[in-house]
Amino acid sequence: MITRTRLATGVCALLAALTAGLAFPAGASAGEPTGQDAPKVDLVLDVSGSMRARDIDGQSRMAAAKRAFNEVLDATPEEVELGIRTLGANYPGDDRKTGCKDTAQLYPVGPLDRTEAKAAVATLTPTGWTPIGPALLKAAGDLEGGAGSKRIVLISDGEDTCAPLDPCEVAREIAAKGIGLTIDTLGLVPTAKLSRQLSCIAEATGGTYTSVEHQDQLTDRVNQLVDRAADPVVTPMPAEGAGRCAGAPTLKSGLYTDREEFGQQRWYRVEVLPGQELRVSVSVAADRAVNPGYGVLLRAVTVKGREIVRGEAAGNGRTDVISTGLRYPEPERDDADGDKPAAETVCLAVTHSFSAASGVKATPGLPLELTVDVVDGPSQAGDVAAFGLGRGWWLLGVLILAGFLAGLVWGWLSRWRVAVWRTN
């Protein structure tokens, strides 16, 4: 038993050492959390006439929403700035033009006064239309400014009644602004059509959709989303790629976001010093209906147009995000004059083969996220092509040898124990 325990301990230690050997060096500054600005959340509540329906645990949808809001306000973290916006709360008439403007800030986004916010919620009565698109546009304005995380939590029991201002298109336009805003949606006792619309809104900004049919579900989910806003997040920096390398922006190590239209190619530039290694990954998301069969291509090219290395990936319609990456080491160079070696300009070209489904708008372009990392290169040229293992090869050899020796020892002990048993 002791022998087995020691062998298991030794193997675990070797596995831990191997894992450490496989880890890549940390990037210079890629993916840093946001600064000290307070996270902001705007709760957007549907107060249209349909919220009178009594189908959530024997109470009206409006009563369930009020109760949930009161519990959420009590549990909101101190560091979160929270606001409440309504849609369909004030105009009870039949004029569509007026009804589609019916959205108002019930409680402004800022430091939370729980008593005041609860008093404002208590005054709500189901009233009018469901202008989801206009409400989202106003809510995005409520959250402007600051570098902290920004989140809209939309709660509705019916689809938008103010077309042709499509809420999905509104969400894509908001995401295209590059302000790092996420929209999460909750459907109260949703129909299939409402579920599709709220899912589309959430997907356009990287948010989530939740179907709610019970009081506890509503309270717990809104609490989770408000708490999530307080977590450290990585906010990509906006970067507008060019149509050719000569006019492309120069990027440093970091996380960047851009938009790429169908059939377009985006170019970026990175400066790499001798002895450094460039690591780049790109993800392109389909935030709308696209045709099956697509791919993404990432190329590193010299300023003279010679391709250095490429990464590519293909999809068949089962996923709405496709990613690829590449690595390029710049070898050390001896400078005859003793001056500081000059950096090489590497041009990065991103191309995708998504195509819009019938009737789907092509603008704004699909969201693109680019991670750039320039790090000190490997000490040996062989490390680059070592199938991703780098200097972990020798640890792998030790692990194989240790396993072989352990097997021999265990086999000898087993044979010895059998021989003793037969003798006795």
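A residue counts as buried when its relative accessible area is under 20%, as exposed when that value is over 50%, and as partly exposed in between. This definition is a handy key to the structure shown above, which is a predicted model. Glu277 makes a clear starting case: its relative accessibility is 0%, so Glu277 counts as buried. The side chain of Glu277 meets that of Arg279 in a salt bridge, with 2.7 Å from N to O. Arg279 has a relative accessible area of 14%, and therefore this partner is buried too.

A search of the whole structure finds 15 salt bridges, and a few others are worth a visit. Glu307 takes part in a salt bridge with Arg299, at 3.3 Å from N to O, and in another with Arg310, at 2.9 Å from N to O. The surroundings of these three residues can be read from their accessibility. Glu307 is partly exposed because its relative accessible area is 31%, and Arg310, at 39%, is partly exposed as well. Arg299, by contrast, has a value of 18% and is therefore buried. Elsewhere, salt bridges link Asp55, Arg61 and Asp157 in a network.

Stepping back to the whole protein, the model contains nine helices and 15 strands. Of its 424 residues, 43% count as buried. The accessible surface comes to about 21400 Å², and carbon and sulfur atoms account for 55% of that area. Contacts across the sequence are also informative: among those between residues at least 6 apart in sequence, 76% join residues at least 24 apart.

Helix α8 shows how one element sits among others. This helix runs over residues 215–229, has 15 residues, and reaches 22 Å from its first C-alpha to its last, close to the 21 Å expected at 1.5 Å a residue. The buried residues of α8 are Gln215, Leu218, Thr219, Arg221, Val222, Asn223, Leu225, Val226 and Ala229. What lies over these buried residues? The cover includes helix α2 (61–75) together with the strands β1 (40–46), β2 (81–87), β4 (150–156), β5 (181–188) and β6 (209–212).

Turning from a helix to a strand, Thr103 is found in β3, which spans residues 103–110. Is Thr103 buried or exposed? With a relative accessible area of 15%, Thr103 falls under the 20% limit and is therefore buried. Leaving aside residues up to four places away in sequence, Thr103 touches Arg85, Thr86, Leu87, Pro134, Ala135 and Lys138. For one of these, Thr86, a polar detail can be added: the side chain of Thr103 reaches the backbone oxygen of Thr86 at 2.9 Å. Another pairing shows how positions separated along the chain can be compared in space. Thr103 and Ile132 are 29 residues apart in sequence, while their C-alpha atoms are 8.8 Å apart.

The final stop is on the surface. Leu401, Phe404, Leu405 and Leu408 make a nonpolar surface patch of about 410 Å². One of these residues, Leu408, has its place in helix α9, which covers residues 393–423. How does Leu408 count in terms of accessibility? Its relative accessibility is 48%, a value between the 20% and 50% limits, so Leu408 counts as partly exposed.

Definitions and conventions: Residues are numbered from 1 along each chain as its sequence is written. This is a predicted model: local features need pLDDT of at least 70, side-chain atom pairs count only at pLDDT 80 or more; totals for chains, interfaces and linings use all residues. Side-chain values use heavy atoms; hydrogens and water are left out. Helices (H or I, at least four residues) and strands (E, at least two) are DSSP runs, numbered from the N terminus. The expected span of a helix is 1.5 Å times one less than its number of residues. Buried means under 20% relative accessible area, exposed over 50%, partly exposed in between (1.4 Å probe, protein chains only). Contact means heavy atoms within 4.5 Å. Accessible areas come from the Shrake-Rupley method with a 1.4 Å probe; for residues, only the protein chains shown count as cover. A polar contact is a pair of N or O atoms within 3.5 Å; within protein, one must be able to donate a hydrogen and the other to accept it, and residues adjacent in sequence count only if both atoms are side-chain atoms. Patches are made of residues with over 30% relative accessible area and no salt bridge: like charges are joined within 9 Å, nonpolar side chains (Val, Leu, Ile, Met, Phe, Trp, Tyr) within 5 Å. A salt bridge is a side-chain nitrogen of Lys or Arg within 4 Å of a carboxyl oxygen of Asp or Glu.
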